[in-house]
Amino acid sequence: MKKATCIALLFLAFTGGCSYFQNKFARSIPGTKGTVTLKGIRGPVTIRRDSLGIPVVEAENEEDLFFGSGYASAADRLWQMYAMTMIMQGRLAEVAGEEMLGIDVFMRSIGAKEKLEGELSKLDRKLLSVLESYAKGVNAYMEHNPELPAEFVLTGYRPGPWRPADTLYVFAMLNMNVSFNFIEELDYLILAGELGYDKAAMLFPVYPDEDLPLEDARALAEIPHRELLDGNVRTALLDLRRRLKGVTPLGTPASNNWALAGSRTGSGKSIVCNDTHLALMIPNSWMLMHLKCPTYDAAGVTVPGIPVVALGFNGKIAWGATMVMADSQDVFIEKLDTVDGKTRYLYRGEWVPVKERKEEFRMKGGKTVTRLIEETVHGPLFNASLRAMPFPPELPIQPLPMSSKYGIAIAYAVEGGARTFEGFYRMGSVSGMAQARRALQMVEGIYLNIVYGDRDNIAWQVTGAFPLRKKGRGFFPSPGWSGEYDWTGFAPTDRNPYRINPPEGFFGTANNRTVPKGYPLHMTSSWYHPDRAERMAHILGKKKGATMEDMMKMQHDHFSPMAQKIQKLLFEPGMQGEIDAATKKWTRARKERVARALELISPSAFNCVMDKDSAGAAVAGAFMHEFTRATFLDELGPEGGLLWEAFIDVNMMSYPAPEDHLFVRKDSPFFDDVKTPERETRVDMIARALDSAIVLCADRMGSDSKKWKWGSLHTYHWKHDFTKKTRFFHGYFNRGPYPASGDVHTLNVTTFAWGQDFDTWCIPAMRMVVDFGLAEPAAFVSVPGQSGNPSSPHYADMIPLFLEGKNHPMPFRSENIAKQYIDVLVLEPKK
């Protein structure tokens, strides 16, 4: 919340104006019944809505259909649509003021505008018409409904007309959200600047069966690690990371999808399932919609600002997605020099002038700021955006203006928006598996595992054009001056992994490594842990006669492979003796706490289900938290500092160091507590974590362990961005808290950050099951609700379904649509 907005809210609170404004906000709810006469359509467009506000848009042709899609999207998510485009366009300061200038400079630096506006010219007339019709529908809605939602009122922002290009900006936002290795690379720079290259690499494990990435880390070895970035630059990098995280849900690597062949289902027909795990947001990034005309008929989730169904069911094909965890961004360290006020960079033995362009940024209130953007052969330099970052006011000593003889450049794959849009558009009308695969191979700009199927077949296709490198994997920042690590182009999408009709009778992906170690096409080194994939394979490998109900139950599964692994570790032969030895000199009270922890998470007391009412789950979750702090906080602290925040961030984005240290890296130097004269081991940290877990639970929930519940520590709390820095309007914008089952390792993900707190920050934002054996195959849920308007009854009314693990039908048959979708709004063409 920005200063001007906070002042306005304080005024309202003290003058009784809040009630007035909430009444005003309620007037922004659009009508859902009757007839509206509008320009821009050739025939009638019908928008039906059901009890949850989910729309079915029907028209006689595609132009009118996508006009209706735009109208319905604007009715539900207008603020969100504009917010996403303004982030990618680098225009947040127009709404939020100068403190967002650093984010705007960063976004302009990556050059999305030039690349995306050029993509429009690559669209054929039909596809361009889809975007134009959608834009007309959005604009018609705003013209007919001048009362805007609360966010526009509170910021004072009045949106301009929606443009066809704005949809491509939303696609670019999706691209950034599903491939974010550059954030990991920035975190590595922060950590390596203090720890050194090799020790920092220990905090970036690739996968349980892979070696540490030491060779990648040593690419910059000729630069002493403490000279790489001064403290000011590291502080600015962290603040940039914080602010990026505040405006876009970067770093949310979790989703599940799977498909069962008819040999494993009760009906003998395929079942396709998906639950995409995104940041816990209100509203979330998805909305549900059914689009229906003679040439396009698809239902599922779409993204506000995109005309077509992104994931779902078209009557013949169903498809769902997870993140590949693609490495489609590389950070390059450039050697810089300044001559006569002009910046040069070293490249292949020569000093080359940077490419320059000036960008103007309008601030809220009318002020205009100009910034010089500099680029090398590898991409834009971050330096300008880092200089624009305002340092946190809580710092006791404000850093001096930063200067560095090294620059940070980013290579970022943002092209392919036109073909990507065409691929998703085609998925709405493909009728067979071969057509679906051809459509998915067009998706060059977003990196996904797509699992799809029809009645009799299932398949898996990886999308996205992956960068090809001369040398290295791009996992850590590379030296830019030699040219050895440059990109040479992109791999054609027909090289991407693909399988159809596996002999096992099922597919499943969960952001895990889906290809063998050393696979010839390098997609990433940022895989997530294998736990959810292992659980999925365990269930599906035994499944026979599967039904839709079975699949919904599986999506709601709270069994934690991590809790099981911890239990196995703690009770393996010899471990008890090692713990006893490590605690020999401890006080009786501490020893009793360790014994109590072991008792509560023993196999006889705890079934490894992270149920919200379980005491064993509470102790297991607290152990994960305390093991992280015991192992790493002594060297990476204090909490809130540069190193600790970078460490917590990177653990959220890929297979994490705490898990790796607990089970794989048994001799890590991080186990030694640098604040004691002794040399501690992994067992010492395990013992400390058991002790501290009991202390934490007792402090939070009282001394009686029979009353401990995981859901007392771990909750869902949907918080609107507007309320994160103010005490006002929380009841209007926010929902929760609710006790949460699960953890980051359960199929029903409720991610919390080991070592930070127990707040749930990533959840299944949607769930989908399509059972081809049913007359009406498709059922979905999207939480918290269809509408992004807090005054709407559909702002959070899917939360009960979500908490109960139930999906909502989205029928295709006309008679069932008529029964379910009872509110009818007709858009008539203006004569």
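These exercises work through a predicted model of one protein chain.

**Exercise 1. Overall build**

Describe the secondary structure of the protein chain and decide how its radius of gyration fits the globule rule.

Solution.
- Start with the elements. The protein chain comes to 30 helices and 30 strands.
- Next, take the radius of gyration, which is 27 Å. The globule rule gives 28 Å for 831 residues. The two values are close, so the chain is as compact as a globular protein of that length.
- Add the dimensions. Along the principal axes, the C-alpha atoms fill a box of roughly 85 × 75 × 65 Å.
- Then look at contacts. Take those between residues at least 6 apart in sequence: 73% of them join residues at least 24 apart.

**Exercise 2. Surface and charge**

Find what share of the residues is buried, what the accessible surface comes to, and how many charged side chains of each sign there are.

Solution.
- Burial: 65% of the 831 residues count as buried.
- Surface: the accessible area is about 30200 Å². Carbon and sulfur atoms hold 52% of that area.
- Charge: there are 96 positive and 97 negative side chains. The centres of these two sets lie 3 Å apart.

**Exercise 3. Cysteines**

How many disulfides does the whole structure have, and how far from Cys 273 and Cys 697 is the nearest cysteine sulfur?

Solution.
- Search first. The whole structure yields zero disulfides.
- Check Cys 273. Its nearest cysteine sulfur belongs to Cys 762, 19 Å away. A disulfide needs the two sulfur atoms within 2.5 Å. Cys 273 is therefore in no disulfide.
- Check Cys 697. Here the nearest cysteine sulfur is that of Cys 608, 16 Å away. Cys 697 is in no disulfide either.
- Now test burial, for which the cut-off is under 20% relative accessible area. Cys 273 has 0% relative accessibility, so Cys 273 counts as buried. Cys 697 is also at 0% and counts as buried.

**Exercise 4. Backbone details**

Locate the cis peptide bonds before Pro 283 and Pro 737. Then place Asn 501 and Cys 608, and state the sign of phi for each.

Solution.
- The bond from Ile 282 to Pro 283 is cis, with omega near -5°. Pro 283 sits in the loop between β5 (271-279) and β6 (287-293).
- The bond from Gly 736 to Pro 737 is cis, with omega near 5°. Pro 737 belongs to strand β25, residues 735-739.
- Asn 501 has phi near 50°, a positive value in a residue other than glycine. Its loop runs between β22 (498-500) and β23 (506-509). Asn 501 has 36% relative accessibility, so this residue counts as partly exposed.
- Cys 608 has phi near 70°, again positive in a residue other than glycine. The loop of Cys 608 lies between α22 (588-600) and α23 (615-636). With a relative accessible area of 3%, Cys 608 is buried.

**Exercise 5. Helix α24**

Is helix α24 largely enclosed by the rest of the structure or largely open, and which residues of α24 are buried?

Solution.
- Count first. Helix α24 covers residues 642-651, and eight of its ten residues are buried.
- Name them. The buried residues are Leu 643, Trp 644, Ala 646, Phe 647, Ile 648, Asp 649, Val 650 and Asn 651.
- Conclude. With eight of ten residues buried, α24 is largely enclosed by the rest of the structure.

Conventions:
Residues numbered from 1 in each chain as written. Predicted model: local features only at pLDDT ≥ 70, side-chain atom pairs only at ≥ 80, totals over all residues. Heavy atoms only, no water. Buried < 20%, exposed > 50% of the residue type's maximum accessible area, 1.4 Å probe, protein only. Helix = DSSP H or I, 4+ residues; strand = E, 2+ residues; numbered from the N terminus. Rg over C-alpha atoms; globule rule 2.2 N^0.38 Å. Contact = heavy atoms within 4.5 Å. Areas by Shrake-Rupley, 256 points an atom, 1.4 Å probe, with all protein chains shown as cover. Lys, Arg positive; Asp, Glu negative; His and termini not counted. Charge placed at Lys NZ, Arg CZ, Asp CG, Glu CD.
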